[in-house]
Each structure stands twice: as structure tokens, then as C-alpha cells.
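Subject: Structure for you to look at

Hello,

Here is the structure I promised to pass on. Please open it alongside this note.

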Amino acid sequence: MAFQNKNLSVIAYANGFTLWHYKANETLSALTTAGYFSSVKTLMCTGDIILINGSNGSTIKVITVSEGVVSVGALS
């Protein structure tokens, strides 16, 4: 299944930082694939955080936007 705008929401925004939430009936491996969120690349910024709820669990990731591709990775 492809990214759905209706499943993405902002939990908090301050000082150029956004905390996002996304929920979909897909596996976490599908939801965390590089480029999955690229259709909203103009909304997301490197360093934003996203809470992701999938069909097989939940995770918290940091967002990276590079050359128009949105990726999510482990928090460090």
C-alpha cells in the first residue's frame, strides 16, 4: 500500500521542529523504507521525529531529507 496523507498528523510543532504520527495497516519494514514519505518532502525536515504505528508494531524514528528523498532512521 502507498503512503496516505490522511494517516499522517502533526502532534507538536515548535521552533522549526515537528513531531509527526503516522498509522497504517502495513508492516514496519514497509513503512520505514527510504522514500515512503517522499510525497510530503516539503513538509518534513531533517531532525523531525515520527511515531509510526504499523500492523506489526510501533517505532520512533528520526527523519532525514536528502535530495528529495525522505528517510527514517534510528534515534541516536
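Below is what came out of the analysis, from overall build to core.

Keep in mind that this is a predicted model.

Fold first. The protein chain has 1 helix and 5 strands. Read from the N terminus, the order is β-β-α-β-β-β.

Next, overall dimensions. The C-alpha atoms fit a box of roughly 30 × 25 × 25 Å along the principal axes. The radius of gyration is 11 Å, which agrees with the value near 11 Å for a compact globule of 76 residues.

Then surface and packing. About 4,400 Å² of the protein chain is exposed, and carbon and sulfur atoms supply 55% of that area. Of the 76 residues, 32% are buried. Take the contacts between residues at least 6 apart in sequence: 47% of them join residues at least 24 apart.

Now the core. The largest nonpolar core holds 16 residues. Phe 3, Leu 8, Tyr 22, Phe 37, Met 44, Ile 50 and Ile 63 touch the most other members. At least two residues of this core come from each of β2 (17-23), α1 (28-31), β3 (49-54) and β5 (69-73).

Which residues does Tyr 22 contact, beyond its neighbours within four places in sequence? Towards the start of the chain, the partners include Ala 2, Phe 3, Gln 4, Asn 7 and Leu 8. Further along, Tyr 22 is in contact with Leu 31, Tyr 36 and Phe 37. Ile 50, Leu 51, Ile 52 and Asn 53 complete the list.

Best wishes

How values were computed
Residues numbered from 1 in each chain as written. Predicted model: local features only at pLDDT ≥ 70, side-chain atom pairs only at ≥ 80, totals over all residues. Heavy atoms only, no water. Core = buried A, V, L, I, M, F, W, Y, C linked by side-chain atoms within 4.5 Å. Buried < 20%, exposed > 50% of the residue type's maximum accessible area, 1.4 Å probe, protein only. Helix = DSSP H or I, 4+ residues; strand = E, 2+ residues; numbered from the N terminus. Contact = heavy atoms within 4.5 Å. Rg over C-alpha atoms; globule rule 2.2 N^0.38 Å. Areas by Shrake-Rupley, 256 points an atom, 1.4 Å probe, with all protein chains shown as cover.
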